[in-house]
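This report introduces one structure to a reader who meets it here without earlier acquaintance. It moves from a sheet and its helices to a hairpin, then to aromatic rings and to backbone angles.

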Amino acid sequence: MSSSTDNSAASVSNKKRPVIAIHGGAGAITRAAMSAEKEQLYLAELERIVSAGQAILAAGGSALDAVTEAVRLLEECPLFNAGKGAVFTHQGAHELDACIMDGRTLDAGAVCGVSHIRNPILTARKVLENSPHVLFTGAGAEDFARANGQEMVEPEYFFTQERYDQLQRAIAADTGVMLDHDGATLNASGDPIDPEHKFGTVGAVAIDELGNLAAATSTGGMTNKQAGRVGDSPIIGAGCYASNNTVAISSTGTGEVFMRTVAAYDVAALMEYAGLTLEEATHKVVQEKLLPLGGSGGMIAVDKFGNVELPFNSEGMYRGFARVGEAPVVSIYRS
């Protein structure tokens, strides 16, 4: 497994080797309260999950299948804020969102505000494949899931004690939703990125051997969010975007700002219309456009040439990438 201190962005041009990149959220580093064991656990899970996507690509599988499986695995891992590890709303419930996009066709599927679907990303994939619509919400999304054979669960399935304790601390502190970073905050969980001040979205982007791009994003939202709040994750062009003409993007961060700037699509537009490289376009959006509006977080990106960028403007981002035939690279911190 690689060092946790490699560069925050990795850019390599290789048209012949498929590649997948994943993220598990971004936020403030809590070095004073950090648990070495928890850090290694996060790195091991990132490597396991990105390797699973890499294996699909190595077997000739599609980018769409690779990102679907990577995000499903992230939803199944309680370390990350999606699926089983989803955070609580202010009202003590779970409301999950997910989105997936096929760069070859520009087809997309998304669900938001769901509480009974075990793997929202799998239902988003069914929306892409089986519906003329793009986005279903709430009860309608769950009805669609049932009609399409998706595994349904009781809301208690998503419960984890750490996430519940986070909600109680947020309510007691009366600080509203968890957005502002404070690296000195006591981190009772020992997580490398402070779970009290983390943007907990997960995502994956990939290019396959045929040159097709795909992107997927999933989240439980923000701790202590109001019921009904939807962020950028299920919104095409904000938290997720893919086009074979340019790039595949999955975002994580201050959702409202990513929506206001249409951050994922902005990267694609800068590349297509202004001729920027992937590195230039992602830097401009993440470092120059989001920050002045208070937008913290990052994104993962793979362009049509197989270049990879993993930029973020917060202190850390759970991330990794893996090319077919090469060892995976996983990271948390800046270099």
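In this predicted model, 4 strands form an open sheet in the order 8-9-10-11, with antiparallel pairing; helices (H or I, at least four residues) and strands (E, at least two) are DSSP runs numbered from the N terminus, and two strands pair if DSSP finds at least two bridges between them. Strand 8 (240–242) and strand 11 (308–309) stand at the edges with a single partner strand each, so one side of each is left without a neighbour in the sheet. Strand 8 and strand 9 (residues 247–253) run antiparallel and are joined by 3 bridges, and Ala242 has Ala248 in strand 9 as its bridge partner.

Helix 7 (residues 263–274) packs on this sheet and touches strand 8, strand 9 and strand 10 (297–303), its direction making about 145° with that of strand 9. Helix 8 (residues 278–289) lies across strand 9, strand 10 and strand 11, and runs at about 160° to strand 10. Contact here means heavy atoms within 4.5 Å, while axes are lines fitted to C-alpha atoms, for helices over the stretch in contact, and angles run from 0 to 180 degrees between N-to-C directions.

Residues are numbered from 1 along each chain as its sequence is written. Because the model is predicted, local features need pLDDT of at least 70 and side-chain atom pairs count only at pLDDT 80 or more, whereas totals for chains, interfaces and linings use all residues, and side-chain values use heavy atoms, with hydrogens and water left out.

A hairpin is built from strand 12 (residues 316–323) and strand 13, which run antiparallel and are joined by 4 bridges. Gly316 stands opposite Tyr333 in strand 13, and within the 5 residues between the strands, Gly325 takes a positive phi near 90°. Strand 13 (residues 329–333) is mostly covered, since 4 of its 5 residues are buried; buried means under 20% relative accessible area, exposed over 50%, and partly exposed in between (1.4 Å probe, protein chains only).

The structure also holds 9 aromatic pairs, where rings of Phe, Tyr and Trp (its six-membered ring) pair if their centres lie within 6.5 Å, and planes under 30 degrees apart count as stacked, over 60 as edge-to-face and the rest as tilted. Two of these pairs are set out below.

| Pair | Centre distance | Plane angle | Arrangement |
|---|---|---|---|
| Phe88 and Phe159 | 5.9 Å | 75° | edge-to-face |
| Phe159 and Tyr164 | 5.8 Å | 40° | tilted |

Phe88 lies in the loop between helix 2 (63–76) and strand 2 (96–102), and Phe159 in the loop between helix 4 (138–147) and helix 5 (161–173), so their pair ties together parts that are 71 residues apart in sequence. Phe88 counts as buried at 4% relative accessibility, whereas Phe159 is partly exposed at 35% and Tyr164 is partly exposed at 33%. Elsewhere, Tyr42, Phe80 and Tyr318 form one aromatic cluster.

Which backbone angle is found in Leu106, a residue other than glycine? Phi of Leu106 has a positive value near 65°, and Leu106 lies in the loop between strand 2 and strand 3 (108–114). Phi of Val262 is likewise positive, near 45°, and Val262 is found in the loop between helix 6 (255–260) and helix 7. Most residues other than glycine have a negative phi.
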